[in-house]
Amino acid sequence: MATKISAVLTVTDTNQKTASKSLTDISPTADKGRIVNLARALVALTTGTLDGVELVTKEDITNEKPAPNLTVTPNTANGLSGDAMSFQLAFDSDATPTASPILKGQYGGFTYNAANKTFNVAATQGLPYIEHPTTITVTISLPETSQYKAATATIEWQNMQADLFNS
Amino acid sequence: MADKMKQSYALKLVAGFTDGDERTISIDNPRSDITAADIRALDSLARDVIIGDKYGAPFQTFKDAGIQETTTVYLDLEETP
């Protein structure tokens, strides 16, 4: 999304006709006094007189994409045991999501199944030991596509039986 | 009724930006005695005020300026063939 600022100059010509002249692409950090000074100098090059300067801000939403409505729910209850666990994703995009555990290096091996939009961690992967009780936070990321913006969602579990994850 | 002709004038200022981008600012009804010094004097006033329309690059200088004369012929549509 791009924000565009214009200075609209109201000018009266020698026939007493009033017209507007839009000076586009004004810097968002421009000092108002400097904007008026430039407007005065430009109109001084004409036969008209400057009546006023108005700043107009517009947002260009032409290329704005919708968010993909990403939701993540656990298929495995808190206090999970050594069984395989998974999250269920729902999103309206053709993108392939990724999962990144906060506990990098200690907990990983998420496998994405595109057929049913789930991330799975198999107990047989030999997950390393995690102190318990441990809250595991996982961030799901969806990349931007031609139709949708990028999006992220997080999900947490309370792992109460971490010793069952010993490899 | 005969066709009518009307002449109009516009000052065309070509603004250059630090990324190489250029855009033309058009101002109607310019004075007839505008000098190069008048245009040069605009440089410092435009700095930090206008930006490029592609990447928002800062204004650098007015690279070119000229007065364009346009003649419009208004056809008399009520004239019988």
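Helix H1 of chain A, residues 32-44, lies across S1, S2 and S3 of chain A and runs at about 125° to S3(A). Welcome to a quick tour of this predicted model, which pairs that chain with a second one, chain B, over a contact of 20 residues from chain A and 24 residues from chain B. Below you will find the sheet under the helix, its counterpart in chain B, the interface, and the salt bridges.

**The sheet of chain A**

- The strands beneath the helix make an open sheet of three, in the order S2-S1-S3 (chain A), and their pairing is antiparallel.
- S2 and S3 of chain A are the edge strands, each with a pairing partner on one side only.
- Ignoring direction, neighbouring strands here are turned against each other by 25° on average.
- S1(A) and S3(A) run antiparallel and are joined by 11 bridges; along this pairing, A:Ala7 stands opposite A:Leu55 in S3(A).
- On the other pairing, strand S1 (residues 2-12) and strand S2 (residues 18-23) of chain A are antiparallel over six bridges.
- A:Val11 has A:Ala19 in S2(A) as its bridge partner.
- The hairpin of S1(A) and S2(A) has five residues between the strands, and A:Gln16 in this hairpin takes a positive phi near 65°. If you like to check backbone torsions, here is a residue to look up.

**The sheet and helix of chain B**

- Chain B also has an open sheet of three strands, ordered S2-S1-S3 (chain B) and paired in the antiparallel sense.
- Its edges are strand S2 (22-28) and strand S3 (59-74) of chain B, both pairing on one side only.
- From one strand to the next, the twist averages 25°.
- Helix H1 (residues 36-46) of chain B packs on this sheet, where it touches S1 and S3 of chain B, and its direction makes about 120° with that of S3(B).
- Strand S1 (residues 4-17) of chain B is joined to S2(B) by seven bridges, the two running antiparallel.
- Within that pair, B:Val14 sits opposite B:Thr24 in S2(B).

**Where the chains meet**

- Together, chain B and chain A bury about 1800 Å², with 64% of this area on carbon and sulfur atoms.
- Three residues, B:Arg31, B:Leu45 and B:Val49, supply 29% of the area that chain B buries against chain A, more than any other three residues.
- The rule for polar contacts finds 11 residue pairs across the interface of chain B and chain A, both residues being at pLDDT 80 or more.
- On the side of chain B that touches chain A, the elements giving two or more residues are S1, S2 and H1 of chain B.
- H1(B) provides the largest share of that side, with six residues.
- Sorted by class, the side of chain B that touches chain A holds 13 nonpolar, four polar and seven charged residues.

**Salt bridges**

- Side chains of opposite charge can pair when their charged atoms come close.
- Over all chains, a search of the whole structure finds nine salt bridges.
- One salt bridge is found across the interface of chain B and chain A.
- A:Asp25 and B:Arg23 form a salt bridge, with 4.0 Å between the closest N and O atoms. The cut-off is worth keeping in mind for this pair, since a salt bridge is counted within 4 Å.
- Inside chain A, A:Glu64 forms a salt bridge with A:Lys149, and their closest N and O atoms are 3.6 Å apart.
- This pair links distant parts of the chain, 85 residues apart: A:Glu64 is in the loop between strand S3 (49-60) and strand S4 (71-74) of chain A, while A:Lys149 is in the loop between strand S9 (134-142) and strand S10 (151-159) of chain A.

Technical notes
Residues numbered from 1 in each chain as written. Chains lettered and ligands numbered in written order. Predicted model: local features only at pLDDT ≥ 70, side-chain atom pairs only at ≥ 80, totals over all residues. Heavy atoms only, no water. Pairing = 2+ DSSP bridges. Helix = DSSP H or I, 4+ residues; strand = E, 2+ residues; numbered from the N terminus. Axes fitted to C-alpha atoms, helices over the stretch in contact; angles between N-to-C directions. Contact = heavy atoms within 4.5 Å. Buried area = accessible area lost by both parts, 1.4 Å probe. Salt bridge = Lys/Arg side-chain N within 4 Å of Asp/Glu carboxyl O. Polar contact = N/O pair within 3.5 Å; in protein donor to acceptor, adjacent residues only side chain to side chain. Nonpolar A, V, L, I, M, F, W, Y, C, P; charged D, E, K, R; others polar.
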